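Open the model in your viewer and get ready to select. This tour goes around the ligand.

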Amino acid sequence: MTSYPEIQLYVGGEWRRTSDDLPVLNPADETEIGRVPVASRQDLDAALQAAREGFKIWSRTSPRARAELIMRAASIMRERIDEIAYSITLEHGKPFAQARLEVIRGCEFFEWDAGEAQRTYGRVVPSEPGIKYLVVHQPIGMVAAFSPWNFPMSQPARKIAGALAAGCSIILKAAEETPAGALHIARAFHDAGLPAGVLNLVFGVPADISSYIIPQEQTRLVAFTGSTAVGKHLTQLATQTMTPVLMELGGHAPVIVCDDIDPNFAGVTSAVRKARNAGQVCTSPTRFFVQEAIFEQFSAAFAERAKAIIVGNGMDSSTEMGSVANHRRIEALEGFVSDARSKGAKVIAGGDRMARPGYFFPVTVLKDVPDDARVMREEPFGPLAIINPVKTLDEAIEKANSLPFGLAAYAFTHSSANADKLADGIEAGNVSINTLEASVAEVPFGGVKESGYGREGGAEGLHHYTVVKTISHRMLPETARRS
Ligand code: NAD
């Protein structure tokens, strides 16, 4: 096969080693697979300088040329799919097949935004004779971006795609725990011929990097995906210089299961989806509110399929769910389960860490979970589902909306009246009916309430990476021109 790559910084079109580094662990067996460099202040200054120069070049590159280069890089990544997926499975733990799908998804983000690069239309506003009003969208400037560890390639892809398509330069601090996904993207852009300084990749101590880069005058957008707590902190930093933010934060997705649906189909589908990425997805279906008539059947089907999920090393082709990505998820999951148990919840599948090396936790299903259990309010961010009964759709909608989150929400129903009522009433950036997919390249994705601000993807995705400029142009009469 292939080997785990040497992780380096990518600054000003060159690869950099550092004197300080940190270990990268394989979560499936807790062994060290590589080292991630820690950027020094000099490295960050060099990245800022490079991004300044990169912006001058890239913002004046035609949208067509930008799109062609992004498409070239995406095609290189598609050619290297197995190599990239191998790195992702090693550093993250997810099954190799899911890692391959992640790479494809990341490429789709690039390909979609490359198309959008050529569609950042402005407009001409009709006015009195002799004056023209033009509204144009210009690249916002240098983007400071921060991507998390749950999707090592497709999360950095979202940020880089938006910035580069819009004509911005970017300094991306990718996740130290899963650095290879972003490294492979930088390699592909390097090989595709991206001008130096347009894309810069750094790693290090997250708080040191964000507190240095965000307040810089040249930083014109802060783009972050991660927890709501860190998102709020970075937003406060950005506020000091009135720098806009794009925040894709936590969720706690409700799933409303109506009693007109086949409970076995919905239960099995939900269990399989819950296992995707070991539940470490901001859109992962988590709070199932099931109408009473089918509650027992749905719970039983869900639990049975959850117990049958094959958990193991992501390199093993029979594995359906890998380890969780780090020890923090294990500790958090154990805490949620013991708290819910102590408050009366029934554990109908999983519940305990698996007795083997690596960070393995089975798909865990909690039933009849009281409202005061911590997991009813805090995002588990792991393979944990809650199933509670509801009488009516109004009750389900009220429960779905009861948290400060509003990212993804789902419903199962055959009734178009139910679907309409749910889609209308649920407070979320994305509502999906009869599908547990919430985010694809061609539609906008993002949250309401504390799940974030702004949208990535779709026709809206480049808005945040551009600024609107109004140009008022009065045509001077001949006499004025001569004087
Ligand atoms: P965390 O809040 O410490 O970190 C989340 C991410 O933010 C990491 O990538 C981390 O490197 C980065 N980060 C942390 N402090 C930072 C700072 N001061 N400046 C810049 N970046 C910083 O939590 P964690 O244990 O890594 O992840 C757990 C929680 O994060 C989950 O409960 C989940 O809610 C959230 N999360 C969300 C997503 C998402 O897709 N929205 C992805 C990963 C994690």
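**Around the ligand**

Select the ligand and the 24 residues around it (a heavy atom within 4 Å). Trp149, Ser210, Ser227, Arg328 and Glu379 come nearest. This is a predicted model: local features need pLDDT of at least 70, side-chain atom pairs need 80 or more, and totals for chains, interfaces and linings use all residues. Numbering runs from 1 along each chain as its sequence is written, and side-chain values use heavy atoms, without hydrogens and water.

Next, show the polar contacts (N or O pairs within 3.5 Å). At Glu379, a side-chain N or O atom is 2.4 Å from a ligand oxygen. At Arg328, a side-chain N or O atom is 2.7 Å from an oxygen of the ligand. At Leu249, pick the backbone: a polar atom there is 3.2 Å from a ligand nitrogen. The ligand alone exposes 810 Å², and the protein buries 84% of that (Shrake-Rupley, 1.4 Å probe).

Now colour by domain, with bounds from an automatic or database assignment. Domain 1 (9-249 + 451-470) and domain 2 (254-433) both give residues to the shell, so the ligand lies between them.

Notes:
Polar contact = N/O pair within 3.5 Å; in protein donor to acceptor, adjacent residues only side chain to side chain.
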